[in-house]
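User: Hi, I've just opened this one. Could you walk me through it?
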Amino acid sequence: MGFEPKLIATLQQATRIVIVTGSGISAESGIPTFRGEDGLWKKYRAEELATPEAFYSNPELVWEWYDWRRQLIGKAEPNPGHDVIAMMEGEYPEFLLITQNVDGLHRKAGSRNVVEIHGNIWRARCTGGCETSYLEENPITQLPPKCNCGAMLRPDIVWFGESLPIEGLLRAEKAIQECDVLIVIGTSGYVYPVASFPMIAQAAGAMVVEINIERTPISQIADFTLLGKAGDVLPALWNEVVQKG
Ligand code: OAD
């Protein structure tokens, strides 16, 4: 795989890197994406499963769907794409990974500076007033699960129409404004505010690199679009950055 010398040189000289990932990074771990051929939103209706209205009208159904996804994700392991991202974190003085994925595979691969901007499928939080949140990796025995206070628990996931967690969003926005290079991997670029990050980073002077199996709206502005599977492209790219460094 040959890469443009300018891309390699910029990655070698950069000190502040931000990586944004979407479901495409986990596709090679066997986790379905949302909008692809076999994507979840082709088989299920997002508005029946991923909105607060859907949850409060049928919490059992919504929990069943998340429980099914938990079981799928529970069997998955990080792939070479996740591994390279975890490795890169140790090589740059300032590094932030912003993931839209709720699967936890980046942390499993060893990434630590991570903002899970859409939440985490392994966490549940109280819908009552007590604000307790639970990290629970065991299968759910009672649907919907209940908090110790007696109120219903909900998946700690950002649903359509909901605000993003403010602390994570501010951290992400600051890093996007200040980075030298933004690498956007495996996202269709349709869901905001993440879809606006490439433009914001570029306007602030960063180089924008996209890795995807196909072109997306982000390709129109990206300085480099590397077409291929993240699990192939990332190791090849990183190999060149390290070898020629
Ligand atoms: P999408 O399903 O919209 O997009 C997945 C992207 O990954 C597509 O552009 C694919 O071409 C690309 N892709 C697939 N396999 C790949 C591979 N092996 N290597 C590289 N790229 C690959 O998923 P997201 O962009 O993540 O929100 O969707 C964004 C949000 O919409 C999700 O976080 C989710 C969903 O509704 C919530 O759950 C809150």
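Analyst: Happy to! Two strands pair if DSSP finds at least two bridges between them, and strands (E, at least two residues) and helices (H or I, at least four) are DSSP runs numbered from the N terminus. This is a predicted model, where local features need pLDDT of at least 70 and side-chain atom pairs 80 or more, while totals for chains, interfaces and linings use all residues. Residues count from 1 along each chain as its sequence is written, and side-chain values use heavy atoms, without hydrogens and water.

User: Cool. In which sense do β8 and β9 pair?
Analyst: Strand β8 (residues 207–212) runs parallel to β9, with four bridges. V209 has F224 of β9 as its bridge partner.

User: And which β9 side chains are buried?
Analyst: F224 and L226, on one face, are buried (under 20% relative accessible area, 1.4 Å probe, protein chains only). T225 and L227 point to the other face and are not buried.

User: Why the alternation?
Analyst: Side chains in a regular strand alternate between the two faces of the sheet.

User: Switching to helices: how many α7 residues are buried?
Analyst: Seven of the ten in α7 (residues 80–89), including H82, I85 and M88. At the helix start, a side-chain oxygen of N79 comes within 2.7 Å of the G81 backbone nitrogen.

User: Now the ligand. Which residues come nearest?
Analyst: F34, R35, T187, S188 and N212, out of 24 around the ligand (a heavy atom within 4 Å).

User: What about S188 and the ligand oxygen?
Analyst: A side-chain N or O atom of S188 is 2.6 Å from a ligand oxygen. A polar backbone atom of R35 also sits 2.6 Å from a ligand oxygen, and for a backbone N or O atom of G186 the distance is 3.2 Å.

Notes. Buried < 20%, exposed > 50% of the residue type's maximum accessible area, 1.4 Å probe, protein only. Polar contact = N/O pair within 3.5 Å; in protein donor to acceptor, adjacent residues only side chain to side chain.
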